[in-house]
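Me: I have a chain here and would like a close look at a single part of it. Please take one helix and describe what it packs against and how its faces differ.

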Amino acid sequence: MSILQNHNSESPVAKKIQEQTAKLSSDLFLWDAFASMAGSATLKVMGKGKTALFFGQWATSFLLLEVYNKIVKVEGIDSKNKRGN
């Protein structure tokens, strides 16, 4: 229960990460994921299967970062700024 009660007390490192992440465009991670998939497909056609898999697996990481970015913008820094905290 104490975790739920103290959910606003974040470490200074977490606050800095949120501040920097909130500055990024939401489209950035989506374009990175698309570029990763396109690059992977290109490498696969060129016959470089293992390298294609390496780059293709980045797409999920970029999409996960996009989800984090959205959460920070909706529930994190922006939410606190709107409330005046």
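Reply: Contact here means heavy atoms within 4.5 Å. The model is predicted, and the part chosen is helix 5, residues 58-75.

First, the setting. The chain has 85 residues, of which buried residues make up 22%. Its secondary structure comes to 6 helices and 0 strands. Among contacts between residues at least 6 apart in sequence, 68% join residues at least 24 apart.

Helix 5 itself has 18 residues, which at 1.5 Å a residue should span 26 Å; the C-alpha atoms at its ends are 26 Å apart, in agreement with that.

Next, its packing partners. Two packed helices are described by the angle between their axes and the distance between the axes. For helix 3 (residues 26-45) against helix 5, the angle is about 170° and the axes are 8 Å apart. Angles over 145 degrees count as roughly antiparallel, and helix 3 and helix 5 are therefore roughly antiparallel to each other. On the helix 3 side, the contact is made by Ser26, Phe29, Leu30, Asp32, Ala33, Ser36 and Met37. On the helix 5 side, the residues are Trp58, Ala59, Phe62, Leu63, Leu65, Glu66, Asn69, Lys70 and Lys73. By type, the residues of this contact between helix 3 and helix 5 are 9 nonpolar, 3 polar and 4 charged.

Helix 2 (residues 12-22) is another partner: its axis and that of helix 5 come within 9 Å and cross at roughly 100°. That crossing makes helix 2 roughly perpendicular to helix 5. Here Ile17, Gln18, Thr21 and Ala22 of helix 2 meet Tyr68, Asn69, Val72 and Lys73 of helix 5. The residues of the contact of helix 2 with helix 5 comprise 4 nonpolar, 3 polar and 1 charged. Asn69 and Lys73 of helix 5 take part in the contact with helix 3 and also in that with helix 2.

Now the faces. Ala59, Phe62, Glu66, Asn69, Val72 and Lys73 are the buried residues of helix 5. Viewed down the helix axis, they fall within an arc of 140°, so they line one face of helix 5. The face turned away from that buried side carries Thr60, Leu64, Val74 and Glu75, which are exposed.

Finally, the lead-in to the helix. Gln57 lies in the loop between helix 4 (49-56) and helix 5. With a relative accessible area of 54%, Gln57 is exposed, since the cut-off for exposed is over 50%. From C-alpha to C-alpha, Gln57 is 8.2 Å from Met37, although the two are 20 residues apart in sequence. Met37 is also one of the helix 3 residues that meet helix 5.

Technical notes
Residues numbered from 1 in each chain as written. Predicted model: local features only at pLDDT ≥ 70, side-chain atom pairs only at ≥ 80, totals over all residues. Heavy atoms only, no water. Axes fitted to C-alpha atoms, helices over the stretch in contact; angles between N-to-C directions. Helix = DSSP H or I, 4+ residues; strand = E, 2+ residues; numbered from the N terminus. Parallel < 35°, antiparallel > 145°, perpendicular 65-115°, else oblique. Nonpolar A, V, L, I, M, F, W, Y, C, P; charged D, E, K, R; others polar. Expected span 1.5 Å × (residues − 1). Buried < 20%, exposed > 50% of the residue type's maximum accessible area, 1.4 Å probe, protein only. Arc of directions from axis to C-beta.
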